[in-house]
Amino acid sequence: VLPSPDGPAPSVSITEIRQYLRAQDIPFHDGYSCLHTPSLFTGDRGIQPLSANAPFTLFIDKTTGSFLCTATLAEGTWQDFQANVELRQRGVMPIPPASSEEMEEEMRQAREDARCIWERALPLSELLDEKEIKETKALFGISMVTDATLKRFGVRYLRAARSLVFPWFSPQDATLKGLKLMRVEKKGGTITYVEETLPRFDSYRNLFGLPLIGRRDTELVLTGWELDALALHQAAGVASLALPRGASCLSPTLLPYLEQFKRITLWLGEDLRSWEAAKLFARKLSLKRCSLVRPGNLQPRPLEALNQGLNVTKILRSALLASHKSIVSFRQLREEVFGELANTEQVSGVKWARFPELNKLLKGHRRGELTIFTGPTGSGKTTFISEYALDLCMQGVCTLWGSFEINNVRLAKIMLTQFAGRRLEDQLELYDEWADRFEELPLYFMTFHGQQSIKTVIDTMQHAVYMYDITHVVIDNLQFMMGHEHLSVDR
(Lines give C-alpha, C1' and ligand atoms only; values in the text may rest on other atoms or scores of the structure.)
Protein backbone atom coordinates (compact mmCIF):
# COMPACT_ATOMS: atom_id res chain seq x y z
CA VAL A 1 0.00 0.00 0.00
CA LEU A 2 1.37 3.43 -0.95
CA PRO A 3 2.29 5.55 0.87
CA SER A 4 2.69 4.04 4.35
CA PRO A 5 -0.34 4.79 6.57
CA ASP A 6 1.59 7.38 8.59
CA GLY A 7 1.74 9.64 5.56
CA PRO A 8 4.01 9.70 2.50
CA ALA A 9 7.77 9.56 3.13
CA PRO A 10 9.04 13.15 3.04
CA SER A 11 10.79 13.62 -0.26
CA VAL A 12 14.43 14.68 -0.28
CA SER A 13 16.34 16.30 -3.13
CA ILE A 14 19.78 15.24 -4.33
CA THR A 15 21.09 18.71 -3.37
CA GLU A 16 19.92 18.23 0.23
CA ILE A 17 21.57 14.79 0.37
CA ARG A 18 24.89 16.17 -0.88
CA GLN A 19 24.76 19.12 1.55
CA TYR A 20 24.04 16.79 4.47
CA LEU A 21 26.94 14.45 3.58
CA ARG A 22 29.36 17.40 3.29
CA ALA A 23 28.15 18.91 6.57
CA GLN A 24 28.72 15.56 8.33
CA ASP A 25 32.18 15.08 6.75
CA ILE A 26 31.09 11.89 5.02
CA PRO A 27 33.19 11.28 1.88
CA PHE A 28 31.17 10.31 -1.22
CA HIS A 29 31.49 9.62 -4.96
CA ASP A 30 28.83 10.58 -7.44
CA GLY A 31 27.62 7.43 -9.24
CA TYR A 32 25.10 6.88 -12.03
CA SER A 33 21.92 6.44 -10.02
CA CYS A 34 23.36 6.44 -6.48
CA LEU A 35 25.89 8.28 -4.32
CA HIS A 36 28.59 5.95 -2.92
CA THR A 37 29.88 6.36 0.66
CA PRO A 38 31.81 4.19 3.14
CA SER A 39 29.40 2.01 5.16
CA LEU A 40 28.21 3.04 8.63
CA PHE A 41 27.74 -0.61 9.49
CA THR A 42 31.17 -2.13 8.83
CA GLY A 43 34.75 -1.77 10.01
CA ASP A 44 35.65 0.52 12.85
CA ARG A 45 32.45 1.84 14.37
CA GLY A 46 33.86 4.33 16.83
CA ILE A 47 33.41 8.07 16.74
CA GLN A 48 36.16 8.56 14.14
CA PRO A 49 34.92 10.12 10.92
CA LEU A 50 34.35 7.73 8.02
CA SER A 51 37.60 7.28 6.13
CA ALA A 52 37.83 7.96 2.41
CA ASN A 53 40.15 4.91 2.21
CA ALA A 54 37.42 2.54 3.41
CA PRO A 55 35.53 0.63 0.71
CA PHE A 56 32.53 2.63 -0.52
CA THR A 57 29.91 -0.07 -0.01
CA LEU A 58 26.93 2.08 0.99
CA PHE A 59 24.75 3.39 -1.84
CA ILE A 60 22.23 6.23 -1.51
CA ASP A 61 19.54 6.42 -4.19
CA LYS A 62 19.64 9.89 -5.79
CA THR A 63 15.88 9.93 -6.38
CA THR A 64 14.48 8.68 -3.08
CA GLY A 65 17.38 8.97 -0.60
CA SER A 66 16.94 5.35 0.53
CA PHE A 67 20.18 3.43 1.09
CA LEU A 68 21.61 -0.08 0.79
CA CYS A 69 24.92 -1.35 2.16
CA THR A 70 26.09 -4.16 -0.13
CA ALA A 71 28.54 -5.46 2.50
CA THR A 72 26.00 -6.01 5.29
CA LEU A 73 22.72 -5.85 3.27
CA ALA A 74 21.48 -3.16 5.70
CA GLU A 75 18.88 -0.96 3.98
CA GLY A 76 16.46 1.79 4.92
CA THR A 77 15.07 5.24 4.18
CA TRP A 78 16.92 8.56 4.12
CA GLN A 79 15.55 9.25 7.62
CA ASP A 80 17.03 5.92 8.82
CA PHE A 81 20.38 6.95 7.35
CA GLN A 82 20.38 10.28 9.20
CA ALA A 83 19.39 8.56 12.46
CA ASN A 84 22.33 6.15 12.09
CA VAL A 85 24.79 8.98 11.39
CA GLU A 86 23.67 10.66 14.63
CA LEU A 87 24.01 7.40 16.58
CA ARG A 88 27.54 7.00 15.25
CA GLN A 89 28.47 10.53 16.31
CA ARG A 90 27.33 9.74 19.85
CA GLY A 91 29.65 6.74 19.83
CA VAL A 92 26.76 4.28 19.62
CA MET A 93 27.07 1.43 17.15
CA PRO A 94 24.59 2.04 14.29
CA ILE A 95 21.88 -0.61 13.98
CA PRO A 96 20.55 -1.53 10.56
CA PRO A 97 16.81 -0.72 10.38
CA ALA A 98 14.92 -3.94 11.10
CA SER A 99 12.08 -5.24 8.99
CA SER A 100 8.97 -6.47 10.79
CA GLU A 101 9.11 -9.80 12.62
CA GLU A 102 6.44 -11.10 10.24
CA MET A 103 8.65 -10.29 7.22
CA GLU A 104 11.72 -11.83 8.90
CA GLU A 105 9.76 -15.02 9.62
CA GLU A 106 8.44 -15.15 6.03
CA MET A 107 11.96 -14.75 4.59
CA ARG A 108 13.34 -17.42 6.96
CA GLN A 109 10.58 -19.84 5.94
CA ALA A 110 11.21 -19.11 2.24
CA ARG A 111 14.95 -19.81 2.70
CA GLU A 112 14.14 -23.10 4.44
CA ASP A 113 11.70 -24.16 1.67
CA ALA A 114 14.21 -23.12 -1.00
CA ARG A 115 16.95 -25.21 0.64
CA CYS A 116 14.71 -28.34 0.66
CA ILE A 117 13.86 -27.90 -3.05
CA TRP A 118 17.48 -27.11 -3.95
CA GLU A 119 18.70 -30.32 -2.31
CA ARG A 120 16.13 -32.39 -4.24
CA ALA A 121 16.96 -30.76 -7.59
CA LEU A 122 19.81 -32.12 -9.73
CA PRO A 123 22.02 -30.67 -12.45
CA LEU A 124 20.54 -31.70 -15.83
CA SER A 125 23.69 -33.63 -16.73
CA GLU A 126 22.99 -36.00 -13.81
CA LEU A 127 19.51 -36.96 -15.05
CA LEU A 128 20.82 -40.42 -15.95
CA ASP A 129 19.88 -41.16 -19.56
CA GLU A 130 20.77 -39.06 -22.58
CA LYS A 131 17.21 -39.27 -23.97
CA GLU A 132 15.59 -37.64 -20.93
CA ILE A 133 18.14 -34.84 -20.90
CA LYS A 134 17.49 -34.18 -24.61
CA GLU A 135 13.71 -34.17 -24.15
CA THR A 136 13.88 -31.83 -21.15
CA LYS A 137 16.19 -29.40 -22.95
CA ALA A 138 13.94 -29.43 -26.03
CA LEU A 139 10.87 -28.75 -23.88
CA PHE A 140 12.46 -25.56 -22.47
CA GLY A 141 13.94 -24.57 -25.84
CA ILE A 142 17.52 -24.82 -24.50
CA SER A 143 18.87 -27.61 -26.71
CA MET A 144 21.70 -25.31 -27.81
CA VAL A 145 22.65 -24.34 -24.21
CA THR A 146 25.59 -26.50 -23.10
CA ASP A 147 25.84 -28.43 -19.82
CA ALA A 148 28.88 -26.31 -18.96
CA THR A 149 26.81 -23.10 -19.18
CA LEU A 150 24.01 -24.58 -17.06
CA LYS A 151 26.57 -25.74 -14.51
CA ARG A 152 28.34 -22.37 -14.43
CA PHE A 153 25.07 -20.58 -13.56
CA GLY A 154 24.07 -23.33 -11.11
CA VAL A 155 20.82 -24.19 -12.93
CA ARG A 156 19.21 -27.44 -11.72
CA TYR A 157 16.14 -29.49 -12.62
CA LEU A 158 13.41 -30.63 -10.23
CA ARG A 159 12.05 -33.82 -11.72
CA ALA A 160 8.95 -34.06 -9.52
CA ALA A 161 7.69 -30.63 -10.64
CA ARG A 162 9.21 -30.81 -14.16
CA SER A 163 10.74 -27.41 -13.46
CA LEU A 164 14.06 -25.71 -14.02
CA VAL A 165 15.45 -24.28 -10.77
CA PHE A 166 17.39 -20.99 -10.74
CA PRO A 167 19.22 -20.21 -7.47
CA TRP A 168 19.44 -16.87 -5.66
CA PHE A 169 22.67 -16.66 -3.70
CA SER A 170 23.27 -13.88 -1.19
CA PRO A 171 25.88 -11.42 -2.55
CA GLN A 172 27.18 -11.13 1.03
CA ASP A 173 28.09 -14.73 1.93
CA ALA A 174 26.94 -16.88 -1.04
CA THR A 175 24.27 -18.67 1.03
CA LEU A 176 21.03 -19.69 -0.71
CA LYS A 177 18.40 -16.94 -0.23
CA GLY A 178 15.69 -18.18 -2.55
CA LEU A 179 14.80 -19.80 -5.88
CA LYS A 180 12.83 -19.36 -9.04
CA LEU A 181 11.06 -22.42 -10.47
CA MET A 182 10.06 -22.43 -14.13
CA ARG A 183 7.89 -24.98 -15.89
CA VAL A 184 6.39 -25.18 -19.39
CA GLU A 185 2.66 -25.37 -20.11
CA LYS A 186 1.36 -26.25 -23.57
CA LYS A 187 -2.10 -25.05 -24.55
CA GLY A 188 -2.94 -25.94 -28.12
CA GLY A 189 -0.03 -24.71 -30.20
CA THR A 190 1.18 -22.08 -27.73
CA ILE A 191 3.83 -22.60 -25.08
CA THR A 192 3.79 -20.56 -21.87
CA TYR A 193 6.40 -20.46 -19.15
CA VAL A 194 4.99 -20.50 -15.62
CA GLU A 195 7.24 -19.06 -12.93
CA GLU A 196 7.13 -19.32 -9.15
CA THR A 197 9.52 -17.69 -6.70
CA LEU A 198 10.61 -18.22 -3.12
CA PRO A 199 10.23 -15.78 -1.38
CA ARG A 200 7.16 -14.21 -3.06
CA PHE A 201 7.60 -11.98 -6.13
CA ASP A 202 7.72 -8.65 -4.27
CA SER A 203 10.54 -9.85 -1.96
CA TYR A 204 12.39 -11.81 -4.67
CA ARG A 205 15.28 -9.56 -5.71
CA ASN A 206 17.63 -11.92 -7.44
CA LEU A 207 19.82 -10.44 -10.15
CA PHE A 208 20.41 -13.87 -11.63
CA GLY A 209 24.10 -14.37 -12.46
CA LEU A 210 25.43 -11.80 -9.96
CA PRO A 211 27.94 -14.18 -8.22
CA LEU A 212 29.68 -14.68 -11.60
CA ILE A 213 30.37 -10.95 -12.09
CA GLY A 214 33.98 -9.97 -11.43
CA ARG A 215 35.02 -6.78 -9.64
CA ARG A 216 36.74 -5.56 -12.79
CA ASP A 217 33.80 -6.10 -15.16
CA THR A 218 32.71 -2.74 -16.58
CA GLU A 219 30.31 -3.84 -19.33
CA LEU A 220 27.05 -5.68 -18.77
CA VAL A 221 24.05 -6.94 -20.70
CA LEU A 222 20.77 -6.83 -18.75
CA THR A 223 18.08 -9.29 -19.83
CA GLY A 224 14.53 -9.95 -18.74
CA TRP A 225 14.81 -13.72 -18.47
CA GLU A 226 17.22 -16.22 -16.89
CA LEU A 227 17.49 -18.36 -20.05
CA ASP A 228 18.47 -15.24 -22.04
CA ALA A 229 21.32 -14.57 -19.60
CA LEU A 230 22.60 -18.13 -20.17
CA ALA A 231 22.37 -17.74 -23.95
CA LEU A 232 24.21 -14.41 -23.91
CA HIS A 233 27.06 -15.69 -21.79
CA GLN A 234 27.48 -18.75 -23.98
CA ALA A 235 27.14 -17.02 -27.35
CA ALA A 236 29.09 -13.83 -26.69
CA GLY A 237 31.05 -14.47 -23.47
CA VAL A 238 29.69 -11.24 -21.97
CA ALA A 239 28.78 -10.53 -18.35
CA SER A 240 24.99 -10.87 -18.26
CA LEU A 241 22.32 -10.63 -15.57
CA ALA A 242 18.57 -11.36 -15.60
CA LEU A 243 16.10 -9.05 -13.82
CA PRO A 244 13.88 -10.84 -11.28
CA ARG A 245 10.61 -9.54 -12.75
CA GLY A 246 11.60 -9.31 -16.38
CA ALA A 247 10.44 -6.28 -18.30
CA SER A 248 7.70 -5.41 -15.82
CA CYS A 249 9.79 -3.81 -13.06
CA LEU A 250 13.33 -2.73 -12.13
CA SER A 251 13.29 -2.24 -8.37
CA PRO A 252 15.48 0.64 -7.09
CA THR A 253 16.95 -1.76 -4.50
CA LEU A 254 18.83 -3.46 -7.36
CA LEU A 255 20.51 -0.27 -8.62
CA PRO A 256 23.53 -0.38 -6.23
CA TYR A 257 24.62 -3.71 -7.74
CA LEU A 258 24.66 -2.13 -11.21
CA GLU A 259 26.76 0.91 -10.26
CA GLN A 260 30.14 -0.64 -11.17
CA PHE A 261 29.29 -0.85 -14.89
CA LYS A 262 30.34 1.92 -17.27
CA ARG A 263 28.23 0.49 -20.07
CA ILE A 264 24.93 -1.39 -19.78
CA THR A 265 23.12 -2.88 -22.77
CA LEU A 266 19.42 -3.62 -22.22
CA TRP A 267 18.14 -6.57 -24.24
CA LEU A 268 14.89 -7.41 -22.50
CA GLY A 269 12.87 -9.34 -25.06
CA GLU A 270 11.42 -9.35 -28.54
CA ASP A 271 8.19 -7.36 -28.30
CA LEU A 272 7.36 -3.67 -28.09
CA ARG A 273 6.51 -3.88 -24.38
CA SER A 274 10.06 -4.90 -23.56
CA TRP A 275 11.34 -2.09 -25.80
CA GLU A 276 9.22 0.44 -23.88
CA ALA A 277 10.45 -1.03 -20.58
CA ALA A 278 14.07 -0.82 -21.73
CA LYS A 279 13.66 2.93 -22.41
CA LEU A 280 12.09 3.40 -18.97
CA PHE A 281 14.81 1.42 -17.16
CA ALA A 282 17.56 3.29 -19.02
CA ARG A 283 16.29 6.54 -17.47
CA LYS A 284 16.62 4.96 -14.03
CA LEU A 285 20.11 3.63 -14.73
CA SER A 286 21.32 6.93 -16.30
CA LEU A 287 20.88 7.35 -20.05
CA LYS A 288 24.48 8.19 -20.77
CA ARG A 289 25.75 4.66 -20.04
CA CYS A 290 22.87 2.65 -21.55
CA SER A 291 22.35 1.13 -24.99
CA LEU A 292 19.23 -0.69 -26.15
CA VAL A 293 18.79 -3.66 -28.48
CA ARG A 294 15.76 -2.96 -30.64
CA PRO A 295 13.42 -5.94 -31.07
CA GLY A 296 12.99 -7.09 -34.68
CA ASN A 297 13.00 -10.19 -36.89
CA LEU A 298 16.78 -10.26 -37.06
CA GLN A 299 17.09 -9.29 -33.39
CA PRO A 300 14.87 -11.66 -31.40
CA ARG A 301 15.46 -12.35 -27.69
CA PRO A 302 18.96 -13.75 -26.88
CA LEU A 303 17.85 -17.41 -26.47
CA GLU A 304 16.09 -17.29 -29.86
CA ALA A 305 19.17 -15.69 -31.43
CA LEU A 306 21.33 -18.53 -30.09
CA ASN A 307 18.85 -21.17 -31.32
CA GLN A 308 18.70 -19.57 -34.79
CA GLY A 309 22.49 -19.38 -35.01
CA LEU A 310 22.53 -15.58 -35.31
CA ASN A 311 25.65 -13.57 -34.50
CA VAL A 312 24.88 -12.39 -30.95
CA THR A 313 28.04 -10.23 -30.68
CA LYS A 314 27.03 -8.40 -33.88
CA ILE A 315 23.53 -7.74 -32.48
CA LEU A 316 25.06 -6.32 -29.28
CA ARG A 317 27.31 -4.04 -31.33
CA SER A 318 24.29 -2.64 -33.16
CA ALA A 319 22.60 -1.56 -29.91
CA LEU A 320 21.39 2.06 -29.97
CA LEU A 321 22.50 4.66 -27.45
CA ALA A 322 19.67 5.49 -25.07
CA SER A 323 20.44 9.21 -24.85
CA HIS A 324 19.44 10.78 -28.14
CA LYS A 325 19.98 14.42 -28.96
CA SER A 326 17.22 17.00 -28.86
CA ILE A 327 17.01 17.23 -32.65
CA VAL A 328 16.90 14.17 -34.91
CA SER A 329 16.55 13.52 -38.62
CA PHE A 330 14.13 11.03 -40.18
CA ARG A 331 17.10 8.79 -40.90
CA GLN A 332 17.51 8.23 -37.15
CA LEU A 333 13.79 7.55 -36.73
CA ARG A 334 13.52 5.35 -39.80
CA GLU A 335 13.87 2.03 -37.95
CA GLU A 336 11.41 3.06 -35.23
CA VAL A 337 8.81 4.07 -37.80
CA PHE A 338 9.26 0.73 -39.58
CA GLY A 339 8.85 -1.05 -36.22
CA GLU A 340 5.55 0.77 -35.63
CA LEU A 341 4.25 -0.12 -39.09
CA ALA A 342 5.34 -3.76 -38.85
CA ASN A 343 3.86 -4.26 -35.38
CA THR A 344 0.58 -2.37 -35.57
CA GLU A 345 -1.07 -4.85 -33.17
CA GLN A 346 1.57 -4.28 -30.48
CA VAL A 347 1.69 -0.52 -31.04
CA SER A 348 -2.01 -0.27 -30.29
CA GLY A 349 -1.30 -1.42 -26.71
CA VAL A 350 -2.16 -4.24 -24.33
CA LYS A 351 -5.52 -5.75 -25.37
CA TRP A 352 -8.25 -6.52 -22.84
CA ALA A 353 -8.93 -10.23 -22.56
CA ARG A 354 -12.46 -9.74 -21.16
CA PHE A 355 -13.69 -6.86 -23.34
CA PRO A 356 -13.37 -7.53 -27.08
CA GLU A 357 -15.76 -4.63 -27.82
CA LEU A 358 -13.54 -2.25 -25.86
CA ASN A 359 -10.55 -3.30 -27.98
CA LYS A 360 -12.46 -2.12 -31.05
CA LEU A 361 -13.02 1.30 -29.44
CA LEU A 362 -9.71 1.94 -27.66
CA LYS A 363 -7.46 -0.61 -29.46
CA GLY A 364 -5.62 -1.33 -26.17
CA HIS A 365 -3.99 0.23 -23.12
CA ARG A 366 -1.09 2.51 -24.12
CA ARG A 367 1.23 4.54 -21.93
CA GLY A 368 0.79 8.28 -21.82
CA GLU A 369 -2.92 8.29 -22.59
CA LEU A 370 -5.78 9.56 -20.43
CA THR A 371 -9.18 7.86 -20.61
CA ILE A 372 -12.17 9.35 -18.79
CA PHE A 373 -15.25 7.28 -17.98
CA THR A 374 -18.37 9.22 -17.07
CA GLY A 375 -21.79 8.10 -15.91
CA PRO A 376 -24.42 8.92 -13.25
CA THR A 377 -24.03 7.73 -9.64
CA GLY A 378 -24.67 4.00 -9.26
CA SER A 379 -24.29 3.22 -12.96
CA GLY A 380 -21.38 0.85 -12.27
CA LYS A 381 -18.30 2.97 -13.05
CA THR A 382 -16.22 1.57 -10.16
CA THR A 383 -17.32 -2.02 -10.76
CA PHE A 384 -16.49 -1.78 -14.45
CA ILE A 385 -13.18 0.03 -13.98
CA SER A 386 -11.97 -2.44 -11.36
CA GLU A 387 -12.67 -5.26 -13.83
CA TYR A 388 -11.04 -3.25 -16.64
CA ALA A 389 -7.89 -2.58 -14.56
CA LEU A 390 -7.75 -6.15 -13.24
CA ASP A 391 -7.81 -7.50 -16.80
CA LEU A 392 -4.63 -5.51 -17.64
CA CYS A 393 -3.01 -6.19 -14.27
CA MET A 394 -3.35 -9.96 -14.84
CA GLN A 395 -1.37 -9.43 -18.07
CA GLY A 396 1.51 -7.88 -16.13
CA VAL A 397 0.59 -4.17 -16.45
CA CYS A 398 1.78 -2.60 -13.12
CA THR A 399 -1.26 -0.78 -11.75
CA LEU A 400 -1.77 1.92 -9.09
CA TRP A 401 -5.27 2.59 -7.71
CA GLY A 402 -6.31 5.87 -6.14
CA SER A 403 -9.78 5.25 -4.74
CA PHE A 404 -11.04 8.46 -3.14
CA GLU A 405 -14.68 7.43 -2.97
CA ILE A 406 -14.74 3.88 -1.57
CA ASN A 407 -12.10 2.56 0.82
CA ASN A 408 -9.36 0.15 -0.21
CA VAL A 409 -10.80 -2.81 1.70
CA ARG A 410 -14.08 -2.61 -0.21
CA LEU A 411 -12.30 -2.05 -3.51
CA ALA A 412 -9.96 -5.01 -2.90
CA LYS A 413 -13.00 -7.17 -2.03
CA ILE A 414 -14.67 -6.27 -5.35
CA MET A 415 -11.47 -6.98 -7.30
CA LEU A 416 -10.77 -10.26 -5.51
CA THR A 417 -14.32 -11.45 -6.27
CA GLN A 418 -13.87 -10.48 -9.93
CA PHE A 419 -10.45 -12.18 -9.98
CA ALA A 420 -11.78 -15.43 -8.49
CA GLY A 421 -14.96 -15.29 -10.59
CA ARG A 422 -17.02 -16.64 -7.69
CA ARG A 423 -18.82 -15.56 -4.51
CA LEU A 424 -16.11 -16.12 -1.91
CA GLU A 425 -18.48 -15.29 0.96
CA ASP A 426 -20.15 -18.64 0.26
CA GLN A 427 -16.83 -20.52 0.05
CA LEU A 428 -14.58 -19.05 2.73
CA GLU A 429 -12.38 -22.15 2.75
CA LEU A 430 -11.12 -21.06 -0.71
CA TYR A 431 -10.24 -17.53 0.48
CA ASP A 432 -6.55 -18.13 1.25
CA GLU A 433 -5.89 -19.90 -2.03
CA TRP A 434 -7.38 -17.03 -4.10
CA ALA A 435 -5.86 -14.33 -1.86
CA ASP A 436 -2.39 -15.85 -2.37
CA ARG A 437 -2.84 -15.76 -6.14
CA PHE A 438 -4.24 -12.20 -6.01
CA GLU A 439 -1.23 -11.05 -3.96
CA GLU A 440 1.09 -12.00 -6.84
CA LEU A 441 -0.46 -9.32 -9.11
CA PRO A 442 1.54 -6.08 -9.66
CA LEU A 443 -1.23 -4.07 -7.99
CA TYR A 444 -0.82 -1.17 -5.53
CA PHE A 445 -3.29 1.11 -3.73
CA MET A 446 -2.88 4.72 -2.57
CA THR A 447 -4.06 5.20 1.00
CA PHE A 448 -5.91 8.49 0.39
CA HIS A 449 -9.61 8.86 1.05
CA GLY A 450 -11.83 11.86 0.35
CA GLN A 451 -10.47 15.24 -0.76
CA GLN A 452 -6.69 15.61 -1.26
CA SER A 453 -4.31 18.27 -2.45
CA ILE A 454 -3.35 17.58 -6.06
CA LYS A 455 0.36 18.00 -5.25
CA THR A 456 0.31 15.20 -2.64
CA VAL A 457 -1.43 12.86 -5.07
CA ILE A 458 0.95 13.65 -7.94
CA ASP A 459 4.01 13.22 -5.66
CA THR A 460 2.73 9.82 -4.54
CA MET A 461 2.14 8.76 -8.15
CA GLN A 462 5.64 9.84 -9.17
CA HIS A 463 7.13 7.91 -6.24
CA ALA A 464 5.14 4.82 -7.26
CA VAL A 465 6.27 5.11 -10.89
CA TYR A 466 9.93 5.22 -9.81
CA MET A 467 9.67 2.44 -7.20
CA TYR A 468 7.32 0.00 -8.94
CA ASP A 469 7.43 1.00 -12.63
CA ILE A 470 3.70 1.73 -12.61
CA THR A 471 2.31 2.07 -16.14
CA HIS A 472 -1.40 2.37 -15.36
CA VAL A 473 -2.93 4.73 -12.80
CA VAL A 474 -6.64 4.69 -11.94
CA ILE A 475 -8.27 7.65 -10.16
CA ASP A 476 -11.79 7.05 -8.82
CA ASN A 477 -13.12 9.59 -8.93
CA LEU A 478 -12.06 13.02 -10.04
CA GLN A 479 -14.75 14.92 -8.18
CA PHE A 480 -13.90 13.35 -4.83
CA MET A 481 -10.20 13.95 -5.30
CA MET A 482 -10.71 17.63 -6.15
CA GLY A 483 -13.36 18.36 -3.53
CA HIS A 484 -16.48 20.24 -4.57
CA GLU A 485 -15.21 23.81 -4.24
CA HIS A 486 -12.74 23.30 -7.09
CA LEU A 487 -15.44 22.58 -9.61
CA SER A 488 -15.22 26.06 -11.16
CA VAL A 489 -11.50 25.59 -11.82
CA ASP A 490 -10.38 24.19 -15.19
CA ARG A 491 -9.76 20.61 -14.24
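1. A salt bridge here is a side-chain nitrogen of Lys or Arg within 4 Å of a carboxyl oxygen of Asp or Glu. By this rule the count comes to 24 salt bridges. Please keep in mind as you read on that this is a predicted model.

2. A good pair to look at is Arg205 and Glu75, which form a salt bridge with their closest N and O atoms 3.0 Å apart. The two residues come from distant parts of the chain, 130 residues apart: Arg205 sits in the loop between β9 (190-198) and β10, and Glu75 belongs to strand β5 (residues 75-76). Arg205 counts as partly exposed, because its relative accessibility is 32%. Glu75 is also partly exposed, at 30% relative accessibility.

3. For a local pair, turn to helix α3 (residues 101-120), which holds both Glu105 and Arg108. They are three residues apart, about one turn of the helix, and they form a salt bridge whose closest N and O atoms are 3.0 Å apart. Glu105 is partly exposed, with a relative accessible area of 38%, and Arg108 is partly exposed with a value of 41%.

4. Lys137 and Asp147 make a further salt bridge, with an N to O distance of 3.2 Å. Lys137 lies in helix α4 (residues 130-139) and Asp147 in helix α5 (residues 147-152), so this pair ties together parts that are ten residues apart in sequence. Which side of the pair is buried, and which is partly exposed? Lys137 counts as buried, because its relative accessibility is 10% and the cut-off for buried is under 20%. Asp147, at 34%, counts as partly exposed.

5. Salt bridges can also join up: Arg18, Asp30 and Lys62 are linked in a network of them.

6. Some charged residues gather without such partners. Glu196, Asp432, Asp436 and Glu440 form a patch of negative charge on the surface, and membership of a patch requires over 30% relative accessible area and no salt bridge. Asp436, one of the four, lies in helix α15 (residues 431-439). With 49% relative accessibility, Asp436 counts as partly exposed, because exposed means over 50%.

7. The surface has a nonpolar patch too, made by Phe330, Leu333, Val337 and Leu341, with about 400 Å² of accessible area together. Leu341 is found in helix α10 (residues 330-342). Is Leu341 buried or exposed? Leu341 is exposed, because its relative accessible area is 63% and the cut-off is over 50%.

8. In soluble globular proteins, nonpolar side chains tend to be buried together. In this model, the largest nonpolar core has 33 residues, and those with the most contacts inside it are Leu222, Leu258, Leu266 and Leu285. The elements giving two or more residues to this core are β10 (219-223), β12 (263-267), α7 (272-285), β13 (290-292) and α16 (454-468). Which of these elements gives the most to the core? It is α7, with eight residues.

9. One last residue to click on is Met182, in strand β8 (residues 176-187). Met182 is buried, with a relative accessible area of 0%. For a sense of distance, try Met182 and Thr374: the two are 192 residues apart in sequence and 43 Å apart in space, C-alpha to C-alpha.

Conventions:
Residues numbered from 1 in each chain as written. Predicted model: local features only at pLDDT ≥ 70, side-chain atom pairs only at ≥ 80, totals over all residues. Heavy atoms only, no water. Patch = residues over 30% accessible without salt bridge, like charges linked within 9 Å, V, L, I, M, F, W, Y side chains within 5 Å. Areas by Shrake-Rupley, 256 points an atom, 1.4 Å probe, with all protein chains shown as cover. Lys, Arg positive; Asp, Glu negative; His and termini not counted. Charge placed at Lys NZ, Arg CZ, Asp CG, Glu CD. Helix = DSSP H or I, 4+ residues; strand = E, 2+ residues; numbered from the N terminus. Buried < 20%, exposed > 50% of the residue type's maximum accessible area, 1.4 Å probe, protein only. Core = buried A, V, L, I, M, F, W, Y, C linked by side-chain atoms within 4.5 Å.
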